[in-house]
Each structure stands twice: as C-alpha cells, then as structure tokens.
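Student: I'm new to this one, so could we go through its pockets together?
Tutor: Sure, let's bring it up and start asking.

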Amino acid sequence: MERMATAPYPDSLRELPLLAGLDEAARTTVIHEGFPRRIPRAAVLFSEGEPAEGLWALLSGRLKLVRTTPQGRELVLHLVEPGQTFAEATLTGAAVYPATAASLEPCELWFWPRERLLALLGAQPGLALALLGSLSAWTRRILTRLELLTQRRVEERLALYLLARHGTRPVPPGSTVHLDIPKHLLAGLLGTGPEVLSRTFRRLEEAGILAIRGRSIALIDPSRLEDLAHGGS
C-alpha cells in the first residue's frame with residue numbers, strides 16, 4: 001500500500017458527512033490526524049478477522065466490502081463510493097475488521113489510526129455524534145441487506161436493483177440500465193452465484209421483461225418489473 005504525499009490534503013475531505021457538523025478549526029484538526037493512502041486495482045485493503053487499525057474514507061475509486069459464507073461464496077455487503085467512510089465499528093470496541101475491503105479500481109483513501117481518532121472524541125463532541133450517526137446508518141443498511149437476502153427471491157432482488165439503478169419513476173418502456181460492475185460482482189451483491197444470476201436474467205428475458213445487450217439492460221416491460229420488485233410473480 002502506497003502512502004501519498006500529505007500536503008495539501010484533498011478538498012473533498014471537508015465534504016465528508018462525518019465532518020460536516022464540525023466548525024472549520026475542528027474539521028482541520030480531525031483531518032490532520034489522518035493521512036492518505038493509495039492502493040491499486042484488485043488489492044486487499046484489509047481482511048475479515050484482521051486486527052482493526054482505524055477508520056477509512058474513500059476519496060476516489062471504488063471498493064467492495066465482502067464476507068465469505070461457510071460455503072466459500074463471496075457475499076458483497078456494500079460497494080463503497082467516493083465520499084463515504086467505512087470501518088466505523090472498529091472505534092466501538094471491535095477488535096477485528098468484520099469484513100474484507102478490496103479495491104475494484106485504483107483508490108485514494110484517507111486513514112485515521114484508531115488511537116488518534118479515539119483521543120479526539122472527548123475534545124470533539126460533534127465528531128462523536130457524527131460517528132454515532134454513521135454507525136446507525138451502517139446498522140440500518142446491514143439490516144436492510146439481511147432482510148433482502150433472507151426474505152426475497154433472486155428475481156425480486158434483481159428487479160429492485162435494476163429499478164434502483166434507473167432511479168426515476170415512472171420508467172418508460174425500453175429504458176436502459178447500464179451495469180457498471182461485472183456480473184460476478186452483481187451476483188455477490190444480490191447474494192447469489194453467477195450461474196443463478198445468469199439463469200435469472202435469461203428467465204426475465206424469455207418472459208419479455210428485459211432485453212440483455214452486453215452490460216446494457218433494456219427494461220422492456222417496467223410495469224411487470226415493478227410487480228416483481230414488490231413480490232409479484
């Protein structure tokens with residue numbers, strides 16, 4: 001892992017939700033307690049079960065947070081985008097990282113060692129509240145993921161994903177959604193295997209709901225896709 005030059009620090013750090021509630025002096029103090037890192041594509045930042053060293057913020061690139069099931073399958077918990085922090089749980093007593101973080105493309109990050117950040121919490125109550133809020137958001141996200149993976153069929157998960165990727169409602173027939181991640185990664189995000197995902201795409205295409213054009217997915221019948229997302233058949 002390469003350490004980047006430390007001055008000046010990126011302006012994007014000031015826009016992190018974690019630091020948004022601090023005044024300028026406090027924000028600068030917190031930023032200066034961390035330092036930058038850079039990792040190449042397909043690198044492991046930390047592994048599930050390793051000693052937790054601190055808090056991370058992603059400045060550029062993309063990361064995946066994954067856990068390995070007892071069957072050896074990779075389950076994608078979250079795709080980390082620029083402007084997000086992660087590994088907050090390591091500041092609340094967790095001795096190890098609960099998941100593996102691996103880069104999907106070259107990444108620039110900001111890292112706060114656990115000891116430095118904990119020392120700041122007493123002097124920066126706004127930071128402590130922000131960390132609690134971030135932990136709460138992560139908890140809600142994980143609970144939503146668990147509900148999705150345990151109570152929804154793969155077809156429903158895929159329909160929800162495609163509609164979320166499209167964003168706007170209503171969805172005009174023939175609208176296109178571009179998959180910006182490989183299908184094996186999408187399978188992990190949906191809690192299934194690549195073969196099952198391929199069969200699911202094929203079934204929806206044969207049913208006239210989708211048309212697959214490489215990484216572009218045409219939503220031929222959005223109303224049926226909406227029904228599927230809401231638990232219909």
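Student: By class, how many nonpolar, polar and charged residues are in the lining of the second largest pocket?
Tutor: Keep in mind that this is a predicted model. The pocket in question holds about 430 Å³ of space, and 19 residues line it. Split by class, that lining has 14 nonpolar, two polar and three charged residues.

Student: Which element gives the most to the lining of the second largest pocket?
Tutor: Start with the elements that each give two or more residues: strand S5 (63-68), S6 and H3. Among the residues closest to the pocket's centre are Leu 77, Trp 138 and Ile 142. The top giver, with seven residues, is H3.

Student: Now the largest pocket: which element gives the largest share of its lining?
Tutor: Three elements give two or more residues there: strand S6 (74-80), helix H3 (125-151) and helix H4 (154-166). Leu 148, Leu 160, Tyr 161, Ala 164 and Leu 189 lie nearest the centre of this pocket. The largest share is five residues, and they come from H4.

Student: And by class, how many charged residues are in the lining of the largest pocket?
Tutor: This lining is made up of 19 residues. Nine are nonpolar and two are polar. The charged ones number eight.

Student: How much space lies in the largest pocket?
Tutor: We've met its lining already, with Tyr 161 as one of the residues nearest the centre. The space in this pocket comes to about 530 Å³.

Conventions: Residues numbered from 1 in each chain as written. Predicted model: local features only at pLDDT ≥ 70, side-chain atom pairs only at ≥ 80, totals over all residues. Heavy atoms only, no water. 1 Å grid on protein atoms, 1.4 Å probe; cavity = no way out; pocket = protein on both sides within 12 Å on 5 of 7 lines; lining within 4 Å. Points joined across faces, edges and corners; volume = space filled by probe spheres on them. Helix = DSSP H or I, 4+ residues; strand = E, 2+ residues; numbered from the N terminus. Nonpolar A, V, L, I, M, F, W, Y, C, P; charged D, E, K, R; others polar.
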